[in-house]
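Trainee: Please take me through one part of this structure closely, as you would for someone at the bench. I would like to see how that part sits against the rest.

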Amino acid sequence: MGMDLSFWRCKEGVDLPAGLVYQRTCCDGQAVEGLEELPIDAIVREVEKAFPKWEQLDAHTYEKETGGSFQLFTTPQSFRVDCYGMNRQDMARISTILAGYGCPVYDPQQGVRFDRLAVSLAGEGATCREAVEEELTRLFPGLPFTIEEVPTPEGPVALPKPEHPVLEVFVHRGKSITKVTVNLFFGSGWTSRPTQCKTALLTNPEETKARLSKLAKTALGRAAEDMRQRSFYRQEERG
């Protein structure tokens with residue numbers, strides 16, 4: 001099965017619709033105002049070094065003897081990799097390389113670019129805000145995030161399909177059980193991870209904060225792992 005990963009870097013202070021940039025520069029090869037020019041030759045050399053056992057059929061086409069291949073398509077402002085039969089680990093390796101050049105991965109299959117994370121805290125979510133900030137920094141190194149405290153939603157809420165990842169931490173205190181649920185949306189992909197404890201254990205503000213923070217960290221870790229398994233957000237830091 002074929003799929004592609006695309007990369008670009010916006011100029012400081014510029015925010016462009018990811019889908020539009022992908023179509024114009026990565027697919028149509030047009031210059032887009034607001035994008036930086038990339039050191040394409042240096043990136044190509046680094047990709048070559050990262051896949052030493054792959055055969056180069058030409059300057060931009062790589063093939064693995066045991067299966068899998070990819071082709072590079074570049075413009076001065078963009079870097080696109082068309083992948084065929086590649087495993088997720090090899091594809092994530094490409095994302096890691098481009099992340100080192102300030103280029104977050106855009107996955108057009110899911111319609112999401114991993115360049116920032118919007119976080120909302122609902123219910124009693126604000127109680128564990130410090131723990132959420134700490135865990136996000138650990139789980140998503142280098143991914144900027146913003147946090148907003150929001151009212152508890154009323155009634156059913158439609159699943160979003162955001163161009164940039166969106167994370168919700170919802171704390172609901174019931175009579176017997178208190179649930180901490182983390183919802184993580186990334187384009188057409190999403191995951192929901194609940195945790196819970198007995199409400200009777202939330203005896204005072206200090207104890208409540210500690211327990212809810214622990215539950216939030218557990219749910220965040222599970223949701224983050226789900227996203228890593230189902231996306232091409234870089235999974236390792238460059239050495």
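Mentor: The mean positions of the 29 positive and 34 negative charges of the chain are 7 Å apart, with Lys and Arg counted as positive, Asp and Glu as negative, and His and the chain ends not counted. Each charge is placed at NZ of Lys, CZ of Arg, CG of Asp or CD of Glu. This is a predicted model, where local features need pLDDT of at least 70, side-chain atom pairs count only at pLDDT 80 or more, and totals for chains, interfaces and linings use all residues. Residues are numbered from 1 along each chain as its sequence is written, and side-chain values use heavy atoms, leaving out hydrogens and water.

Now to your close look: helix H1 covers residues 18-27. Helices (H or I, at least four residues) and strands (E, at least two) are DSSP runs, numbered from the N terminus. Ala 18, Val 21, Tyr 22, Thr 25 and Cys 26 of H1 are buried, meaning under 20% relative accessible area with a 1.4 Å probe, protein chains only. They lie on the same side of H1 because they cover an arc of only 105° around the axis, taken from the directions from the helix axis to the C-beta atoms. Their cover includes strands S1, S4, S5, S6 and S7.

Trp 8 lies in S1 and is buried, at 1% relative accessible area. Beyond its neighbours within four places in sequence, Trp 8 is in contact (heavy atoms within 4.5 Å) with residues including Ala 18, Val 21, Tyr 22 and Cys 26. After H1 comes Gly 29, with a positive phi near 75°.

Note on methods. Buried means under 20% relative accessible area, exposed over 50%, partly exposed in between (1.4 Å probe, protein chains only).
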